[in-house]
Amino acid sequence: MTHFVRRRITGLTLVVVLSLLLTAATRLMEDNLLRPRTWLGWVLVVIVLFLASYRLRKQLAMLPLGASAAWLQCHIYVGLLSAPVFLLHTGARWPGGGIEVVTAVLFLTVFCTGILGLFLTRMIPPRLTDRGEEVIRERIPVFIRILREEAEASVAGAKNAAPSEVLSDVYLNHLHSFFQRPKNFVSHVFHSTKPRTALLNALDDTRRFLNTQHEQTMEQLAACVRRKDDLDYQYAMQSLLKYWLFLHVPLTWGLVVFTCSHVVTAMAFTSR
Amino acid sequence: MNQSSMDRPRRWDMPFSQEAGHDSVLTDADIDSLLANDAFSRIDPAGFKRSVPLREILRNDVRIVDFEQGDVIVRQGDWGSSAFFVLSGAVRVELDRGDDASSDLIQGRQKKPRKTFFRSLAQLWQNNHHAEFRNPDAKQSVSGNLRSVGGVTRVYISDVSAVIEQHKTARMDAGHWFGELAALGRTPRVATVFADETSTLLEIRWQGLRDILRFDRDQGLKKYIEDVFRERAMASLLRTERLFADISDQEMADLMPHCRLETFGEYDTAKPFRELSGENAGSVKNEPLIAEQGDYPNAVFLIRSGVARLSQKHHAGRHTVGYLNPGRVFGLREVLQGFRSGRSTGYEARLSAIGYLNAVVIPASIVEDLLRSGAISDPEDSCRPAVHATHDAVDENLLNFLVDGKYVQGTETMVIDMDRCTRCDDCVRACATTHDNNPRFIRHGPVSGRHMVANACMHCLDPVCMIECPTGAIHRETLGGLVLINDQTCIGCAQCASNCPFDAIRMVETRNASGAILVDSKNAPILEATKCDLCHDQPGGPACQRACPHDALERIDLQSLSELEGVIAR
């Protein structure tokens with residue numbers, strides 16, 4: 001068993017055990033006519049603040065505050081633990097007040113985007129490694145421009161040697177927009193190669209109108225299409241890895257604000 | 001295909017006397033005078049190959065250099081590729097090996113104290129908004145100790161008498177060699193040497209020295225160098241091997257005369273290293289052979305510097321099964337097995353130098369004699385594999401990638417597991433935060449399988465970047481061995497960046513506080529070399545590694561594969 005598997009099992013076991021203990025404690029408190037929900041609410045506040053503090057740890061990279069990887073592990077498992085605590089706190093019922101509804105919606109959205117992020121960060125990196133060359137996302141537009149110039153040069157070169165309207169038409173009709181910017185985001189996200197295959201088939205269909213020399217040019221164009229498609233794949237997947245945080249992080253801050261509001265209102269209206 | 005012809009480059013196209021700012025040409029009269037000098041007068045020119053005559057070695061591999069009083073000739077910790085002979089005048093060797101700041105000041109270095117918690121935190125608001133900010137005043141104050149002589153920048157000591165008073169030094173008069181061990185072994189200079197008075201020195205390239213040692217029938221110089229090595233370094237080197245660790249001083253004294261210091265392969269500053277990293281990468285057959293697989297094990301090799309590849313025959317080719325770094329031994333296992341069983345077994349693998357290797361060769365018969373006499377005992381675990389690459393975690397592709405790319409030189413190699421890396425660039429941001437908003441590496445580099453070796457300084461065991469730095473700005477930390485650049489004495493010559501085989505050093509345009517690019521009187525930008533310093537002044541160690549949320553980025557010492565195995569097997 002590898003270190004990571006052991007760590008995963010340990011973390012999940014801890015979450016399950018703590019959830020059971022909290023459930024048992026809640027039952028016990030209810031049986032003794034105590035008010036576990038207030039107590040659970042405070043636990044949830046601590047959990048939310050702790051989870052939000054991971055962002056601060058990232059900002060304070062220069063300080064010896066422990067490895068970010070260790071923080072992330074705590075972030076994941078404490079985040080998972082927050083779900084049973086939330087259910088126990090709300091009594092598995094939808095809240096009534098306006099602030100409470102917004103807080104609950106924010107909590108559930110942040111939780112779900114967290115789970116989505118966990119899934120994406122574990123699933124996408126191996127796919128990125130498997131397909132295409134390793135590229136830095138911010139440099140992808142530059143590589144696309146280089147590919148576009150290469151493709152245009154091969155079409156123009158063939159034109160000089162022996163004019164071929166077919167190649168020019170193919171480029172204008174099928175490839176011009178393809179080489180302008182990253183394309184087929186959704187298809188790449190769902191791992192579909194349909195657009196790539198369609199484009200390559202379109203190029204293949206025009207082969208019968210080409211002489212040997214132009215066929216070679218077509219081969220070059222097809223190679224450019226494959227490389228561009230790989231770049232698009234890298235762009236889509238790397239974007240996805242970044243974009244989910246644009247949901248998760250701002251919503252977290254929203255959750256912190258509404259949690260504080262909820263605490264204030266709850267404290268203000270709690271009967272002693 | 002377009003072709004253009006040119007003369008094939010040859011060894012002596014660029015005489016040493018005309019390299020890097022030196023433009024004096026040695027005349028026949030100069031060479032006659034050198035041949036009459038004690039250093040070369042006993043050498044018989046007839047022993048030299050016709051293609052490599054002594055006279056041509058002196059003409060092309062030697063230069064005469066004048067030093068003013070106080071000029072620093074070599075600095076402790078610098079990597080040597082040439083040796084010196086004092087022709088006239090005198091030099092002083094600084095004998096203090098301490099870690100004191102004044103010594104570092106002499107050498108043009110600067111120690112950064114480790115930041116406190118609050119000073120680290122203050123980086124949040126104190127970091128400069130402009131990239132590569134430098135304080136021109138701080139640079140000017142240090143460049144007061146630099147002088148330019150014929151296009152070569154030298155560090156000099158302004159008050160020699162004060163240094164002599166404060167530090168333990170020894171004077172070397174005309175007729176002495178120094179720097180030869182560092183040059184032949186490509187090891188760091190062990191002491192700083194500066195001119196005690198106006199002096200004239202002969203500086204000889206490593207290759208010339210090697211050829212003289214090889215072809216001198218009298219073997220006078222070779223004997224001198226070996227004697228110096230035996231006197232200064234061999235015993236401590238031999239004692240690093242467990243087998244010889246506990247033998248008595250007398251037995252060590254008896255053993256040492258039989259040991260030879262040998263150099264395999266070539267190096268011309270950093271060129272072969274770069275070439276090997278390029279077109280010859282992976283070509284075991286191009287590497288200088290040290291010991292052949294299956295041959296009778298007549299010697300044990302104790303590696304002093306460089307890296308060796310272990311490979312085994314596999315059908316028509318060879319596959320890499322491991323590598324050996326300085327301090328590692330080859331052939332001992334076979335010798336011990338032969339001694340035990342009474343039957344000789346051949347070397348298990350071929351040992352070849354990756355570019356260049358310096359080793360102490362101990363004849364097998366001597367080891368057997370010591371075993372027989374009981375001076376050393378056959379250890380129980382002597383069967384620990386010399387071939388150390390039958391690892392489950394590190395597959396052969398990865399091993400080949402590391403050896404062929406010379407990444408095995410790295411003591412802090414940045415290895416990124418691309419199957420875990422989410423390309424979030426937290427590592428780069430953390431690096432920038434701890435370096436005044438300037439990242440010191442690029443999250444990019446060669447990839448093998450799922451592992452990337454990023455373009456970050458690996459703090460090599462054999463840092464070829466340090467060769468030829470004119471001011472000693474790039475240096476190895478006395479304690480810890482990190483390779484660092486002193487901002488204040490870097491003159492932006494780019495020698496280190498062009499020597500680094502891993503593109504880990506970047507030349508940057510420096511700016512002042514208002515963000516304007518600093519330029520010299522000719523309006524040319526003031527450049528500076530920058531690279532990873534492993535956050536040596538930050539509490540907590542390398543920020544990149546600590547900032548990686550997914551355990552993808554690791555700094556690994558590749559001197560043995562165990563650390564890498566541990567990372568892969570997680």
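**Exercise 1. Find the salt-bridge partner of Arg423(B) in chain A, and set the pair within the interface of the two chains.**

Solution. Begin with the pair itself: in this predicted model, the side chain of Arg423(B) meets that of Glu134(A) in a salt bridge, with 2.6 Å from N to O. A salt bridge here requires a side-chain nitrogen of Lys or Arg within 4 Å of a carboxyl oxygen of Asp or Glu, and the pair Arg423(B) and Glu134(A) is listed with 2.6 Å.

Next, turn to the count, which gives 4 salt bridges between chain B and chain A, alongside 13 residue pairs in polar contact, both residues of each pair being at pLDDT 80 or more.

Then consider the extent of the interface: 36 residues from chain B and 29 residues from chain A take part in the contact, and the two chains bury about 2700 Å² between them, of which 60% is on carbon and sulfur atoms. On the side of chain B, the residues that lose the most area to chain A are Arg423(B), Arg546(B) and Arg570(B), which together account for 24% of what that side buries. Arg423(B) thus appears both in this group and in the salt bridge with Glu134(A).

**Exercise 2. Describe how domain 1 and domain 2 of chain A meet, starting from their bounds.**

Solution. The domain assignment places residues 3-131 together with 243-270 in domain 1 of chain A, and residues 137-239 in domain 2. The C-alpha centres of these two domains lie 46 Å apart.

For the contact, 5 residues of domain 1 of chain A touch 13 residues of domain 2 of chain A, and about 880 Å² is buried between the domains, 52% of it on carbon and sulfur atoms. Within domain 1 of chain A, Leu128(A), Arg131(A) and Tyr243(A) lose the most area to domain 2, together 74% of what that side buries.

Finally, examine the polar side of the interface, where the rule finds 2 salt bridges and the count of residue pairs in polar contact is 6, both residues at pLDDT 80 or more. Arg131(A) also forms a salt bridge with Asp229(A), the closest N and O atoms being 2.5 Å apart.

**Exercise 3. Characterise the largest cavity by its volume and its lining.**

Solution. A search of the whole structure yields 6 cavities of 30 Å³ or more, and the largest cavity holds about 110 Å³ of space. Of the 15 residues lining the largest cavity, Cys457(B), Cys460(B), Cys465(B), Cys500(B) and Phe502(B) are the closest to its centre. By class, the lining of the largest cavity divides into 12 nonpolar residues, 1 polar and 2 charged.

Note on methods. Residues are numbered from 1 along each chain as its sequence is written. Chains are lettered from A and ligands numbered from 1 in the order in which they are written. This is a predicted model: local features need pLDDT of at least 70, side-chain atom pairs count only at pLDDT 80 or more; totals for chains, interfaces and linings use all residues. Side-chain values use heavy atoms; hydrogens and water are left out. On a 1 Å grid over the protein atoms alone, a cavity is a set of points where a 1.4 Å probe fits but cannot get out, and a pocket is an open set with protein on both sides within 12 Å along at least five of seven lines; lining residues have an atom within 4 Å of a point. Grid points are joined across faces, edges and corners, and a volume is the space filled by probe spheres set on the points. Ala, Val, Leu, Ile, Met, Phe, Trp, Tyr, Cys and Pro count as nonpolar, Asp, Glu, Lys and Arg as charged, and the others, Gly among them, as polar. Domain bounds come from an automatic or database domain assignment. Contact means heavy atoms within 4.5 Å. Buried area is the accessible area (1.4 Å probe) that two parts lose on being put together, summed over both. A polar contact is a pair of N or O atoms within 3.5 Å; within protein, one must be able to donate a hydrogen and the other to accept it, and residues adjacent in sequence count only if both atoms are side-chain atoms.
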